[in-house]
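Q: I'm new to this structure and would love a close look at one small part of it. Could you pick a single residue and walk me through its surroundings?

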Amino acid sequence: MTDVPEFAAHATRRHTSGGARALAVLAYLVAAICILPMLAVVVASVSGGTETISHLMDTVLGRYAFNTFALVGLVATGAFAVGVGAAWLVTMTRFPGARVLEVALVLPLAFPAYVLAYAYTHVLDHPGVVQSSLRDLMGWGPRDYWFPEIRSLGGAAMMLTLVLYPYVYLLARAAFLQQSATAFLAARALGKTAWQAFFKVSLPMARPAIAGGVLLAVMETIADFGTVAYFGVQTLATGIYTSWFSLADRAGAAQLALCLLAFALLLAVLERYQRGDARYHDAGKRRQSMPRIELRGWRAALASGLCAVPVVFGCLLPAIVLFEMGLGSEQDLLSRRYIGFIQNSLILAGSAALLTVSAAIAVGFYQRLRPGPRSAAAGYAARLGYAVPGGVIAVGLIVPFAAFDNALDAWMRARFDYSTGLLITGSIWLLVGAYMVRFLAAALGAYEGGQSTVHANMDAAARSLGQTPIGTLRRVHLPILTPSLLTALLIVFVDVMKELPATLIMRPFNFDTLAVQAYRLASDERLEGAAVPSLVIVAVGLLPVILICRQVGRQR
């Protein structure tokens with residue numbers, strides 16, 4: 001007869017292994033879903049033949065590629081200059097308003113680039129207040145003067161730079177704060193000025209963090225659709241949408257998506273490599289605070305002005321312009337139509353946030369439970385979606401699921417004379433799945449940041465008390481990680497509210513969101529109307545930015 005304690009131990013081990021297996025299956029399923037769009041794009045591109053890609057190379061591919069690379073170069077340069085310069089000034093110098101500006105420099109993160117594009121077009125376009133005032137003041141006619149064109153490659157680069165430089169600013173600021181004062185003081189003792197010490201010591205030591213921020217800005221740039229589409233800049237992202245909808249060329253859209261995917265994955269590999277070197281700025285182990293340079297007179301005024309410029313043009317001015325435009329519009333935010341847009345946005349954002357954070361918990365806890373190459377591969381696959389533009393993910397999900405729907409419909413017609421139609425394609429849940437693929441990396445980052453605070457001894461204690469892996473997760477990890485999970489939910493929620501390309505391509509019929517409504521009104525040149533949904537999007541986007549600002553304020 002089997003001893004009771006031995007039988008109980010055997011049952012516990014069986015239950016534990018069963019929970020671990022279920023968690024492994026779930027983690028691998030999430031990783032497979034994240035890889036599916038990329039594989040589907042590759043397969044669809046290859047099966048499309050060479051005629052389409054040859055035609056694209058002869059006609060538009062060169063222009064798409066040139067504009068994409070030019071936009072990347074301009075945004076990378078601008079984000080580097082603004083982000084690094086502002087980070088250095090607020091961390092290494094003293095000037096009037098430095099404490100306020102150090103926090104305010106994060107605020108442009110709340111604005112999608114396409115919202116800034118609507119605001120600045122309203123101000124700077126030919127009928128806008130700036131050019132109209134110039135004509136009235138100088139007595140010029142429409143053709144008597146030259147004015148920079150806002151709807152251009154340079155204009156798109158400016159919009160993207162204004163909202164993406166905070167990526168570089170936040171990482172560069174953290175790197176400068178963590179640097180050793182020893183190397184900087186040694187350079188000063190050797191006769192270097194403060195600026196020479198910055199260029200020869202501080203900047204090279206912060207290189208990995210700065211490069212990581214620039215690469216994040218570049219990945220967001222190649223994924224942007226709303227800004228470049230509204231400004232008429234033809235990039236690979238807009239080419240996918242044009243091929244899919246305007247030309248009904250699925251093979252062409254897939255092959256353009258493959259080009260963009262290859263570029264995005266290259267950037268992801270570079271970002272991963274830079275993250276691996278990110279401890280370099282830590283090497284000196286700061287033993288004393290970095291000396292702050294006291295700026296006076298015109299130097300102090302210049303520093304205040306330089307740090308205020310991106311805040312004013314990236315946040316304050318657009319907010320004022322959008323508010324003024326909204327007051328002059330005929331859009332009623334409380335009408336049944338707008339309540340529907342808000343409801344649709346909340347349904348998508350809430351569902352995507354819950355699904356994405358649940359997937360992040362499964363993948364993150366499985367990596368902790370079973371560390372090794374397999375779990376690491378699942379985690380890496382789950383993070384790839386952040387580097388892939390929304391349009392590419394949309395094409396990569398629609399192609400296989402449309403084939404499945406059509407095959408199932410044909411089989412049901414042949415066997416039962418019944419049409420199932422499109423069960424998955426065009427559904428809300430496929431769109432929510434696209435959001436999960438796109439934003440899972442952000443949720444994983446927030447979850448793993450909190451998970452690192454849970455000591456391994458707590459897991460061992462829970463297991464010794466008879467808890468299964470799922471029980472340990474439910475009773476130990478989740479209560480401790482509640483703040484990190486709420487942060488992850490908020491980040492994904494806001495990102496989905498702002499997301500445009502995947503929503504435009506995959507949304508169900510007559511299921512528009514605030515972002516789609518803003519894009520449609522702006523496309524019809526009804527900019528004052530587009531300001532109303534844009535303001536709601538910005539207001540929601542301020543929530544995670546406020547959390548970041550509070551964190552920045554505590555790091556002084």
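**A cysteine and its surroundings**

A: Let's start with Cys-307, which sits in helix 14 (residues 297-327). Please keep in mind that this is a predicted model. Cys-307 has a relative accessible area of 1%, and because buried means under 20%, Cys-307 counts as buried.

What does Cys-307 touch, not counting residues up to four places away in sequence? The list is Ala-86, Leu-89, Val-90, Phe-95, Leu-101 and Leu-105. Take Ala-86 as an example: 221 residues separate Ala-86 from Cys-307 in sequence, yet their C-alpha atoms are 5.7 Å apart in space.

You may wonder about sulfur bridges. The number of disulfides found in a search of the whole structure is zero. Another cysteine, Cys-34, is buried too, with a relative accessible area of 0%.

One of the residues touching Cys-307 leads us further: Phe-95. The largest nonpolar core has 176 residues, and those touching the most other members are Phe-95, Phe-111, Tyr-118, Phe-176 and Met-506. Helix 15 (residues 336-369) gives this core its largest share, 15 residues.

Met-506, also on that list, has its own set of contacts. Setting aside neighbours within four places in sequence, these are Ala-394, Leu-397, Ile-398, Gly-426, Ser-427, Leu-430, Leu-431 and Ala-434.

For one more buried stretch, look at helix 10 (residues 207-223). Of its 17 residues, 16 are buried, so helix 10 is largely enclosed by the rest of the structure.

Technical notes:
Residues are numbered from 1 along each chain as its sequence is written. This is a predicted model: local features need pLDDT of at least 70, side-chain atom pairs count only at pLDDT 80 or more; totals for chains, interfaces and linings use all residues. Side-chain values use heavy atoms; hydrogens and water are left out. Helices (H or I, at least four residues) and strands (E, at least two) are DSSP runs, numbered from the N terminus. The expected span of a helix is 1.5 Å times one less than its number of residues. Buried means under 20% relative accessible area, exposed over 50%, partly exposed in between (1.4 Å probe, protein chains only). A nonpolar core is a set of buried Ala, Val, Leu, Ile, Met, Phe, Trp, Tyr and Cys residues joined through side-chain atoms within 4.5 Å. Contact means heavy atoms within 4.5 Å. A disulfide is a pair of cysteine sulfur atoms within 2.5 Å.
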